[in-house]
Amino acid sequence: MNFSVQPVLENEELQLIPLQQGDFESLYEVASDPEVWEQHPNKDRYKREVFTNFFQGAIESKGAFKIIEKATGDVLGSSRYYNFDEDDNHIFIGYTFYGTKSWGKGINPQVKKLMLEYIFQFVDKVHFHIGKENFRSQIALERLGGKKIAEEEVAYFGEPTRTNFVYEIKKEDWYEKI
């Protein structure tokens with residue numbers, strides 16, 4: 001891999017900053033709302049001990065970000081790059097969550113655009129794992145041009161295996177869309 005999966009990414013409104021161990025409390029403040037996890041495969045991530053494991057997986061991935069609103073400095077959520085496949089020249093984006101105050105405000109499309117435009121300098125395809133019951137994320141990704149290509153069992157870091165759909169966005173399709 002000849003690129004960083006933890007650059008600083010930003011636009012006029014948002015900044016994606018590499019996640020650090022010291023970010024736990026500010027991110028947990030966002031994650032501690034059960035509604036955030038309602039459609040995610042593991043609905044208990046709002047609990048401190050469960051989120052602690054999730055956060056540790058984010059740190060160990062070395063591809064996770066905290067998402068900051070530039071105007072206020074508020075932490076809005078997190079996302080990450082993971083599972084780079086050099087042979088197939090693809091990477092995953094996922095483990096994304098936002099606090100409810102960010103829902104419906106166009107935050108997710110901005111974050112995904114920043115992440116996709118950066119990573120498409122290095123890969124041809126981006127994949128996403130989305131829980132089979134996470135209809136909100138499925139719709140959001142389809143709006144970005146994602147196509148469902150598979151269904152697979154995924155064992156998240158230290159969590160039980162869950163059924164996920166795999167979505168894909170190809171570089172050539174992304175640049176035709178924008």
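**Stop 1: the largest pocket**

Start with the largest pocket, which holds about 740 Å³ of space. Keep in mind as you click around that this is a predicted model. The pocket has 34 lining residues, and for a quick way in, select Tyr98, Asn108, Arg136, Ser137 and Ala140, the ones closest to its centre.

Next, colour the elements that build the lining. Strand S5 (90–98), helix H3 (107–119), strand S6 (125–131) and helix H4 (135–143) each put in at least two residues. What is the chemical make-up of that lining, split into nonpolar, polar and charged? Count 17 nonpolar residues, twelve polar and five charged.

**Stop 2: helix H3**

Stay with H3, since this helix helps line the largest pocket. H3 runs for 13 residues and spans 18 Å from its first C-alpha to its last, close to the 18 Å expected at 1.5 Å a residue.

Is H3 mostly covered or mostly open? Mostly covered: ten of its 13 residues are buried. To see them, select Ile107, Asn108, Gln110, Val111, Lys112, Leu114, Met115, Leu116, Tyr118 and Ile119. Asn108 has turned up before, as one of the residues closest to the centre of the largest pocket.

**Stop 3: the second largest pocket**

Now move to the second largest pocket, with a volume of about 160 Å³. Select Ser26, Glu29, Val30, Asp33, Val36, Asp74, Val75, Leu76, Gly99, Thr100 and Lys101 to show its lining. Helix H1 (24–31) and strand S4 (75–85) are the elements that give two or more residues here. Which of them gives the most? That would be H1, with three residues. By type, this lining divides into four nonpolar residues, three polar and four charged.

**Stop 4: strands S6, S7 and S8**

Show S7 (residues 147–155) and S8 (residues 161–170) together. They pair in the antiparallel sense over eight bridges. For landmarks along the pairing, pick Glu152, whose bridge partner in S8 is Asn164, and Lys148, which stands opposite Tyr167 in S8. Then follow the backbone round the hairpin: five residues sit between the two strands, and Gly158 takes a positive phi near 65°.

S8 has another neighbour to bring in. S6 also pairs with S8 in the antiparallel sense, over seven bridges. Click Lys125 here and you'll find its bridge partner in S8, Lys170. How many of the ten residues of S8 are buried? Seven are, so S8 is largely enclosed by the rest of the structure.

**Stop 5: three salt bridges**

A search of the whole structure turns up nine salt bridges. Here are some to look at.

Keep Lys125 selected and add Asp88. These two form a salt bridge, with the closest N and O atoms 2.9 Å apart. Lys125 is in strand S6 and Asp88 is in the loop between S4 and S5, so 37 residues apart, this pair links distant parts of the chain. Are the two partners buried or partly exposed? Lys125 counts as buried at 17% relative accessibility, whereas Asp88 is partly exposed, with a relative accessible area of 32%. The cut-off for buried is under 20%.

Next, select Lys70 and Glu10. Their side chains meet in a salt bridge at 2.7 Å, N to O. Why is this pair worth a click? Lys70 lies in the loop between strand S3 (64–69) and S4, and Glu10 lies in strand S1 (residues 9–10), so the contact ties together parts that are 60 residues apart in sequence. Lys70 is partly exposed, with a relative accessible area of 35%, and Glu10 is partly exposed too, at 41%.

Finish with Lys43 and Glu133, another salt bridge, where the closest N and O atoms are 3.8 Å apart. Lys43 sits in the loop between H1 and helix H2 (48–61), and Glu133 in the loop between S6 and H4, so this pair ties together parts that are 90 residues apart in sequence. Lys43 counts as partly exposed at 36% relative accessibility, and Glu133 is partly exposed with a relative accessible area of 45%.

Technical notes
Residues numbered from 1 in each chain as written. Predicted model: local features only at pLDDT ≥ 70, side-chain atom pairs only at ≥ 80, totals over all residues. Heavy atoms only, no water. 1 Å grid on protein atoms, 1.4 Å probe; cavity = no way out; pocket = protein on both sides within 12 Å on 5 of 7 lines; lining within 4 Å. Points joined across faces, edges and corners; volume = space filled by probe spheres on them. Helix = DSSP H or I, 4+ residues; strand = E, 2+ residues; numbered from the N terminus. Nonpolar A, V, L, I, M, F, W, Y, C, P; charged D, E, K, R; others polar. Pairing = 2+ DSSP bridges. Expected span 1.5 Å × (residues − 1). Buried < 20%, exposed > 50% of the residue type's maximum accessible area, 1.4 Å probe, protein only. Salt bridge = Lys/Arg side-chain N within 4 Å of Asp/Glu carboxyl O.
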